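Trainee: I've got a model open and I'd like to check the labels people put on it. Can we go through them one at a time?
Mentor: Sure, pull it up.

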Amino acid sequence: MPRVKLAVPEVDKVKGLFFERQKALGYSEAKMAALSGYSPATYRTMIRHRRTSEWKLCDILKLAKALGIPKDEIRAAI
């Protein structure tokens with residue numbers, strides 16, 4: 001039987017910025033959902049099961065602005 005080479009999944013840098021700032025500010029998932037303008041269930045689905053490349057750009061920028069992340073950092077991560 002041939003060996004299987006498993007690829008390492010690509011890191012989502014935008015989510016990394018969001019999680020880093022969330023942890024630094026001590027925000028809960030409910031607070032993050034309120035900042036994004038979504039219900040907690042919708043936010044949880046977005047953050048856990050969808051890559052940010054599938055998000056609308058306005059959602060990424062709105063959450064970044066609420067967390068105080070500069071646009072230049074978001075542009076570099078995208």
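Trainee: At what angle do helix H1 and H3 pack, and how far apart are their axes?
Mentor: Keep in mind that this is a predicted model. H1, residues 13–25, packs on H3 at an angle of about 125 degrees, and the axes are 11 Å apart.

Trainee: Why is H1 called oblique to H3?
Mentor: Set the value against the cut-offs: roughly perpendicular covers 65 to 115 degrees, and roughly antiparallel needs over 145. The angle here is about 125 degrees, so H1 counts as oblique to H3.

Trainee: Which residues make that contact?
Mentor: From H1 you have Lys15, Phe19 and Gln22, and from H3 there are Tyr43, Met46, Ile47 and Arg48. By class, that contact of H1 with H3 has 4 nonpolar, 1 polar and 2 charged residues.

Trainee: What makes the protein chain an α-α-α-α-α case?
Mentor: The secondary structure comes to 5 helices and 0 strands, and α-α-α-α-α is how the elements run from the N terminus on.

Trainee: Why is the chain described as more spread out than a compact globule?
Mentor: The globule rule gives 12 Å for 78 residues, while the radius of gyration is 15 Å, well over that, so the chain is more spread out than a compact globule. For the overall extents, the C-alpha trace spans about 50 × 30 × 25 Å along its principal axes.

Trainee: Now the voids. What makes the enclosed one a cavity, and how many are there of 30 Å³ or more?
Mentor: A cavity is a space where a 1.4 Å probe fits but cannot get out. There is 1 cavity of 30 Å³ or more, and the largest cavity has a volume of about 40 Å³.

Trainee: Which residues line the largest cavity, and which helix gives the most?
Mentor: The lining is Ser36, Tyr38, Tyr43, Met46, Trp55, Asp59, Lys62 and Leu63. H3 (40–49) and H4 (57–67) each supply at least two of the lining residues, with H4 giving the most, 3 residues. The split is 5 nonpolar, 1 polar and 2 charged. Tyr43 and Met46 belong to this lining and also to the contact of H1 with H3.

Trainee: And what about the largest pocket: what is its volume?
Mentor: About 190 Å³. A pocket is an open set, whereas the probe cannot get out of a cavity. Among the residues lining the largest pocket are Glu10, Asp12, Lys13, Arg51, Ile60 and Ile78, and by class the lining has 5 nonpolar, 2 polar and 4 charged residues.

How values were computed:
Residues numbered from 1 in each chain as written. Predicted model: local features only at pLDDT ≥ 70, side-chain atom pairs only at ≥ 80, totals over all residues. Heavy atoms only, no water. 1 Å grid on protein atoms, 1.4 Å probe; cavity = no way out; pocket = protein on both sides within 12 Å on 5 of 7 lines; lining within 4 Å. Points joined across faces, edges and corners; volume = space filled by probe spheres on them. Helix = DSSP H or I, 4+ residues; strand = E, 2+ residues; numbered from the N terminus. Nonpolar A, V, L, I, M, F, W, Y, C, P; charged D, E, K, R; others polar. Axes fitted to C-alpha atoms, helices over the stretch in contact; angles between N-to-C directions. Parallel < 35°, antiparallel > 145°, perpendicular 65-115°, else oblique. Contact = heavy atoms within 4.5 Å. Rg over C-alpha atoms; globule rule 2.2 N^0.38 Å.
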